[in-house]
Each structure stands twice: as structure tokens, then as C-alpha cells.
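Subject: Structure handover

Hello,

Here is the structure for you to take over. My notes on what was found in it follow below.

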Amino acid sequence: MTSRAVPPRDAEGAVAARAGRDRGAGRSGSGVVRPAIGLMALMVLLSSGCGVGALRSHDPEAAARALAVDEAERQRFAALQFLTSGPGRPDLLLELAGLADRIGERSEQRGLPDALAWARDGASYSWFAARDAATVGRPPPWFEHARDLHNRSVLRCLRLAEADEPGRDPAWGDRLASVGIVVDPSATLGTGGTADQLLIAADHPPPRHLTPYRRPGWGVPLIAGRRGWAGRSPTDAFFPTRLQVPATALLVPTGDPDGGRWRDRPSSLVLVDPVDEAGVPIAPGLILPLAGDLTAPLQDQARRSWPDGLGWLGVFDPDRLAPAIGVYLTRPYDPGKIPVVLIHGLYSSPLTWVAMLNELQADPVLRSRYQFWVAFYPTGYPIPYSSSRIRERLRALRRAFDPEQDDSAFDRMVVVGHSMGGLVARSLILDPGDALSRAVFARPPDELDLAPMPQAALRAMFRTTPEPAIRRAIFLATPHRGSRLASRLLGRIGSLLVRRGKAIEGLFASIRDRYGLDALRPFFRGRSITGIDNLKWDNPLLRASASAQTASGVPYHSIIGVLPGTSFGRPGRGTDGVVGFTSAHLDGAASELVVPHHHMLTRLPEVIAEVRRILLLHLAEADAPAPIAGRLTPVPPLLR
């Protein structure tokens, strides 16, 4: 996405070649109004009953007055437009924008075919007015009025072109082109695809638990989306099936007003990224403040990608969701920004992180220095298997986006895990040696005569090494020593209901069949373990993991929930209802925050504030590189 304010020149020929581009607005290419044609069109509407408001009234006098006002404004528009052939007059251009806005609104209400052309004119003349006013000195008092006219006209263009209609094919671009508006081809999403849908952000208010982060300014805040990424390029596997990102739409005409002859060249619908840009240049030394909405696109992306119920399906039928295991970007890959990978817990999905993501990306410092990714894995799988798959996807992601491994920010990665996700996150920085394999197997796995693929799978799960790119970890309500709930009746029933993953079940079955039960430790001699079994406090694999060393030089932080009244006055006791303090506590943590809250604490303001503090600390200690020069505009605080 881009902040270019100059439309592409290669589109001029296509625009100049279109036939009758302004016939719908009742004027020729030079901008001279044809009153007779406009009058005839309105009379036809009047006689057919298609009008609304005054024209639909049974009062002939009211209808006649409305008709006269409309015709008078069209004629005044033509007369004023002729005067723009000379030096720019911002006040005159602003009046033209206002006339076009009013005429266009009436045309839209009456269903006239010229409504889109009038909306284009309202947006274009308000842009001309602001640009010419900026070149003669300090912006005039009416500058905000010009902004409002521009934004209203751009919004009308998008609605009339049906760019915001869910489920429509991208023919809205053709409708815009019919009046000389081209979508800036440099406005791309992610891997080079252009948006096929532009949803109006204001039409998608967030739920109550999300603070809407918006800022006023020029342009219409949008949710820019594209479907069908899979298979287009090697990087597609790391985006959701449908990518939804913030964008702000501006309509930028080419050249000068020139008595209306500016229509001979295309106007550009420019999509600007409000995450990285706070303004757009309109004249030398003047940058217009850019409107933006960061919350609506995030919520829409989460709703589409991680529907309710996905977490439960991942527990009880993990194989159904196995193809979706991966690490997903929440917006296009950004070299120079440090990745933060958020890993969800049991019965959950990336949906659990929406509130935290909303707050973190609203911080201008974090937004300019970090990029936020989410991991997904079906939590019915045993943790070693899930960890091995997440590890593999992180490495594949780097091969796809940073094949030369020259993005130093990638090597300052932070992982954040909630509940079981904290165990997955910690496994990525563990340096256990052979402790994990000895906890599961009575004889070293390397001595087992297995085919190459099963042997490789065992090594990936139980003979791990720390991921070198990860330089910090944050654990939220993580059961490092298990949860007694997993061993109680409800946990045992849940484990029995889980459909074992075929790959894991087959691997352990082959070992038992070939070497007998004595090849495994007693805890693993029955059926293969599930994600719920992983959390049993007496699981030897969990114990081995809790006592294993983490990578040297990688600090970790703990955030622990303790419900009031559960510690009975004893320090170091208590529980969040699922995980006890003694299980969540880790010696050697760089920091530990205890909050009086239940297990689901990812939305808690003090928890989000602590994660923010740690990320700012990471910036200071890691001496992360500054963003690419010239790429970012200083970002003002977003309005709540």
C-alpha cells in the first residue's frame, strides 16, 4: 500500500478513450452544462414517479421549486467551472465542490445515472481547493470543510460503485473507471495482490470489549480485503485465506482544474496504509493529516479467519484442522520490524488475542517497531508435536520472506504464550538435551530401528534445540507443572473424547508393536497422549520440560493470575481457577506480575500494559534498528 498522491500516467489513454464519460453528469468534456438534457431527464423522472423527496411530492409547486433549484445549481456549476481556466482561486474551487456535493446527493436520492460523476467532482474540486490554498500560505479557516466535502464525496463514490458490497465480484473498479477514476495499481496487499473489496470501516463497529482506535483526517477509513491467496506465491501460506487490512481512500485528480479539462486525464483512488503513514503530501511543505481506523479491520480479520468454535474443534478432532497449523501474519511482512508471535492455549484460537493486538498496535512506538503474528495449532495434539510443527512453520516463514537471512529484526523475535500456548512458547527456547526423550522412552530413540520419516519426527519432537531467532518469551497463566484439573474427572473424560491424531497414534503404535511396551515409560504405554494429557501434573514429559534449561541469554517473563481468596493468606499460593501459582511460577524469570484475575486474562488492561512494558524494554535492550529511512511518517496518537 502506498501514500502516492500522483495518479499513474499509463492510465490516461484508457480514460481518454472511454466513450461519453461525462454524459451521465449532463456536461461535455469541457464542462459546459446542457440544461435541456438535464431538464428532460428530470421531467421524465417526475412523470414516471421515480423521484423522491420534493419531486415525489403530490405538491406540484414543491416539485417545481426543487426542479428549479437543481437546474439553477447545475447552471451555476458550469459558469463557475469556466472561471477555473485561469489562476487557481481556492474559494471558487471550494464552492464548486459544495455544488457538486449537493447535486450529487440529489442525483443519488433520485437514482440518476450521473450521481457517481458528481461525487467524483465533489472529491476532486475539494482536493484542488485544499491544494491551491496550501500553495498561497497558511490554510484558510474553511480547510476542514474542504476535508469533509472530500471525505463525503469519496464515500459516495465507493458506495455508488458498490465497492463495499460483501460477496460482489470486483466490478466496482470498472464502475469507477467509467467516470475516469482508476484504482492506484501500487495499492497492493501483502504479496502483490490488489484489493477486491473495500469495506467502509464505519459500517463495522467493534464489539464492546474492544476500544475503537480511530483518528480524524483526510480520507475514508476502509477495510481492504482480498480473497483467494492460497497458491499464488510461496508466501501465501502465511496469510489468512482472506487478508483484511486497514486502508484509507483518497481521490486525487491529475493536473489543474483548467475549466473542467482535468477530466481528460484520470483521477486516482489512492489507498494509503494508516498503520505506517500519518499523512499524505498535497503541496510542498504541507502534509494532510490522514484519517485511519485500526480496530475495525483487525476485528473483521479475526471474525473471518478464526470463527467461534474453532478452538473446541481443535481439541476433539485435531486432524480436521491439521492443514491449518501455522504462523500467520496479521498484515503484510515488514522487514525491519521485530516479530511478536502470539500462541493461544487449550480450547482456544488466535481469536483470544484480538483485544491485546488492538491495544498493542494502537501504540505508535510499538506499531512502528514490531509486527504481530499469530500461531494456530489444534490443541488436541500433544505439545511436542504442536511445538515441532510451529517450529517448522517459523523456519519456513523465514525462508519465504527472508531467504538471505539479512533481516536482523527477525533475529530479535518475541514469543508470547497463554496457558498451553505458554508451554509451546517455552519449548521453542528450551535446551533440554536428551531429557525429553528419556522421559518418554525407556531406550534412546536413535536406537530404534524406524523408517527415516518416523525417526525424523521423533527427533523433531523430543531432541529439540532453541530457536536462535527467539530472544525473549512471555508466559501468561502457563501451567509449567501441569493443572490438577486435567487429572480430575472432567479432564479424564475430555481426554477420552479427543480423537487421537493419526500420525501420532500410528507412530507410537508402531513402536509398541515392534519393541513392546517396555520401549516406553509406564505413563505412555497406553494410547498416545493428547493435549489434555500433556497438562496432567504427574506427566513425566511435563516434569522434564519444567526442569530443563532455557537458552542462555533469552530472558523470560511470567504473568500469573490468582483469584482473591484462593491463597488463604499463604504467600506463593492460590490459583486462577485452572492453573495454580506454584505451577505458573518459574525461578529465574526476569519479571513476574501477579494479577487478581481468573485464567482468561489476555483482555485484562494491566496484563496488556505489562506486555507493552516488556516489549518497550526489549527495544531498549536489543537496540533494535530504526525503521527504514523515509518510510514512516511520525504518527500522532490515535483518538479513542
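A residue is called buried here when its relative accessible area is under 20%. By that cut-off Ala134, with a relative accessible area of 14%, is buried. Please keep in mind throughout that this is a predicted model.

Ala134 is a part of helix α5, which covers residues 115–135. Beyond its neighbours up to four places away in sequence, Ala134 touches Ala283 and Leu286. The C-alpha atoms of Ala134 and Ile282 are 8.0 Å apart, although 148 residues separate the two in sequence.

Overall composition

The protein chain contains 20 helices and 18 strands. Of its 640 residues, 56% are buried. If one takes the contacts between residues at least 6 apart in sequence, 78% join residues at least 24 apart.

Nonpolar cores

In soluble globular proteins, nonpolar side chains tend to be buried together. The largest nonpolar core in this model has 84 residues, and Leu158 and Leu198 touch the most other members. Helix α12 gives the largest share of this core, with seven residues. Both domain 1 (69–161) and domain 2 (306–622) contribute residues, so the core lies between them.

With neighbours within four places in sequence left aside, Leu158 is in contact with Ala163, Asp164, Leu198, Ile200, Val220, Leu222, Ala249 and Leu269. There is also a second, separate core of 37 residues, and among them are Met356, Val595, Leu604 and Val611.

Helix α10

Met356 also appears among the buried residues of α10, together with Val354, Ala355, Leu357, Asn358, Leu360, Gln361 and Ala362. Because eight of the nine residues of α10 are buried, this helix is largely enclosed by the rest of the structure. What do the buried residues of α10 pack against? Their partners are the helices α8, α11 (364–369) and α20 (605–622), and the strands β13 (338–343), β14 and β16 (470–476).

Cavities

The search for enclosed space gave seven cavities of 30 Å³ or more. The largest cavity holds about 230 Å³ of space. Its lining consists of 19 residues, and Val275, Thr330, Arg331, Gln361 and Phe372 lie nearest the centre. At least two residues of that lining come from each of β7 (242–252), α8 (295–305), α10 (354–362) and β14. Gln361 thus turns up twice in these notes: Gln361 is one of the buried residues of α10, and Gln361 is also among the lining residues nearest the centre of the largest cavity.

Aromatic pairs

A pair of aromatic rings is described by the distance of the centres and the angle of the planes. Over the whole structure, 21 aromatic pairs were found. In one of them, Trp373 and Phe410, the ring centres are 5.8 Å apart and the planes stand at 55 degrees, so this pair is tilted. Trp373 belongs to strand β14 (residues 370–376) and Phe410 to the loop between α12 (383–401) and β15 (413–418), so the pair ties together parts 37 residues apart in sequence. Trp373 is buried, at a relative accessible area of 0%, and Phe410 is buried as well, at 2%.

The pair of Phe441 and Phe508 is stacked, because the ring centres are 6.3 Å apart and the planes are at 15 degrees. Phe441 sits in the loop between α14 (435–440) and α15 (452–462) and Phe508 in helix α17 (residues 502–515), so that this pair links distant parts of the chain, 67 residues apart. Both Phe441 and Phe508 are buried.

Trp373 and Phe410 also belong to one aromatic cluster with Phe238, Phe239, Tyr333 and Phe401.

Backbone points to check

Which residues other than glycine have a positive phi? Asp258 is one, with a phi of about 50 degrees, and Ala477 is another, with a phi near 50 degrees. Asp258 is in the loop between β7 and β8 (267–272), while Ala477 is in the loop between β16 and α16 (489–497). Their surroundings can be set side by side: Asp258 is partly exposed, with a relative accessible area of 32%, whereas Ala477 is buried, with 1%.

Regards

Methods:
Residues numbered from 1 in each chain as written. Predicted model: local features only at pLDDT ≥ 70, side-chain atom pairs only at ≥ 80, totals over all residues. Heavy atoms only, no water. Phe/Tyr/Trp six-rings, centres within 6.5 Å; stacked < 30°, edge-to-face > 60°. Helix = DSSP H or I, 4+ residues; strand = E, 2+ residues; numbered from the N terminus. Buried < 20%, exposed > 50% of the residue type's maximum accessible area, 1.4 Å probe, protein only. Core = buried A, V, L, I, M, F, W, Y, C linked by side-chain atoms within 4.5 Å. Domains from an automatic or database assignment. Contact = heavy atoms within 4.5 Å. 1 Å grid on protein atoms, 1.4 Å probe; cavity = no way out; pocket = protein on both sides within 12 Å on 5 of 7 lines; lining within 4 Å. Points joined across faces, edges and corners; volume = space filled by probe spheres on them.
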